[in-house]
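Student: I'd like a close look at one charged pair in this protein. Could you start there and then place it in the wider structure?

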Amino acid sequence: MCSQTARGRHLTVPDILRTVHINTERTFRGGERQVLLLMRGLIERGHEASLIAQPRCGLAERAEEAGITVHKIRMRFEFDPLALALICAKLRGLECDIVHMHTGHAHTLGVVSSLLSGRGRRIVSRRVVSGVGASWLSRLKYRRGVNRYIAISEAVKKKLLEAGVAPARVSVVNSCIDLSRFEGVPDASKGLRRELSIPEGAPVVGAVGALVPPKGFHHFIDAVSMVVQRVPQARFVLVGDGELRQELEHRAAALGLGRDTLAFTGWRDDVPELLTSFDVLVSSSIEEGLGTSVL
């Protein structure tokens, strides 16, 4: 099998691709779900996929549950010399055609390790619109060492091009959702109403996502305080966890929103079931690469 590169040369692509994926996040959010879906999809199509991830992180645990080989390396920061040495050693011991990096810190660690070890062509997935080309170091990072960028949306591609990445090195591959998670999901509305003491017949408005600045949940809470003045019987549910949880809870309390009006559920694995309980789903994001919660 052959594919044409941006410069017109042809590379022989093996029928079975051996891929190594690097992700530095300790949490399991939308980006990590995309990594897991990609690795599973590659394996289902007869390719090989293994993962380099943080010890005791959500992605590593789920990948192992799916039967994917996981190499656990502590990656403390973007230029962590110990992590670089360990990743280099791991890549030298593996046969790989592609080193695929899925976070900003993985980008740096993976590119340097791949070049030093002489293993694999280098692919970087970019999922967010912020931080690209924000400094001279960032611009240098995005212009060197990567064979191909995958942008999850046209908006992300635009940011990469503005940072100086050549158009021929950027492909748009939209994030996806696993529809099988939503097949045959039972109606959980009665269970949620019991759990959160929501009266029968009260409209339920939900929002789902990591409690981090780009998701704009402070706007959601401000909106709740206005809506309940017009629709006092409405109930609101915020599903997710993150660095802003305490701040958001304090904001809700300052606006007089008790748990009987706005419930913080924390991290939940039963989001498909919870969605059956919502009359309205809200996205309050002020910045998204794509926004898979809406999908």
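What is the separation of K159 and E162, in residues and in helical turns, within helix α6 (residues 154-162)?

Tutor: Happy to. One caution before we start: this is a predicted model, where local features need pLDDT of at least 70 and side-chain atom pairs count only at pLDDT 80 or more, while totals for chains, interfaces and linings use all residues. Numbering runs from 1 along each chain as its sequence is written, and side-chain values use heavy atoms, with hydrogens and water left out.

Now to your pair. K159 and E162 are 3 residues apart in helix α6 (residues 154-162), which puts about one helical turn between them. Helices here are DSSP runs of H or I with at least four residues, strands are runs of E with at least two, and both are numbered from the N terminus. The two side chains form a salt bridge, with 4.0 Å between the closest N and O atoms. The term means a side-chain nitrogen of Lys or Arg within 4 Å of a carboxyl oxygen of Asp or Glu. In general, side chains of opposite charge can pair when their charged atoms come close.

How open are the two partners? K159 is partly exposed at a relative accessible area of 34%, whereas E162 is exposed at 52%. The cut-offs are under 20% for buried and over 50% for exposed, with partly exposed in between, using a 1.4 Å probe and protein chains only.

Your pair belongs to a set of 14 salt bridges in the structure. A useful contrast is K215 with E288, whose closest N and O atoms are 2.8 Å apart. That pair links distant parts of the chain: K215 sits in the loop between β10 and α8, E288 in the segment after β13 (280-281), and their positions lie 73 residues apart. Both ends are partly exposed, K215 with a relative accessible area of 22% and E288 with 27%. D241 and R245 also meet through their side chains, at 3.9 Å from N to O. D241 is partly exposed at 35%, and R245 is partly exposed at 24%. Elsewhere, R18, E95 and D97 are joined in a network of salt bridges.

Another acidic residue to look at is D222, in helix α8 (residues 217-230). D222 is partly exposed, with 24% relative accessibility. Setting aside neighbours within four places in sequence, D222 is in contact (heavy atoms within 4.5 Å) with R251 and L255. L257 is 35 residues from D222 in sequence and 10.0 Å away in space, C-alpha to C-alpha.

Two loop residues deserve a look for their backbone. Most residues other than glycine have a negative phi. R56, in the loop between β4 (48-53) and α2 (58-65), has a positive phi of about 55 degrees. R56 is exposed, at a relative accessible area of 74%. S197, in the loop between α7 (189-196) and β10 (204-208), also has a positive phi of about 55 degrees, and S197 is exposed at 59%.

The surface has a nonpolar side too. F77, F79, L137 and L140 make up a nonpolar patch with about 370 Å² of accessible area together. Patch members have over 30% relative accessible area and no salt bridge; nonpolar side chains (Val, Leu, Ile, Met, Phe, Trp, Tyr) are joined within 5 Å, like charges within 9 Å. Within this patch, F79 lies in the loop between β5 (69-72) and α3 (81-92) and is partly exposed at 47%.

Stepping back, the protein chain holds 10 helices and 13 strands, and its C-alpha trace spans about 65 × 40 × 35 Å along its principal axes. Of the 295 residues, 45% count as buried. The chain exposes about 15,400 Å², with carbon and sulfur atoms supplying 52%; such areas come from the Shrake-Rupley method with a 1.4 Å probe, and for residues only the protein chains shown count as cover.
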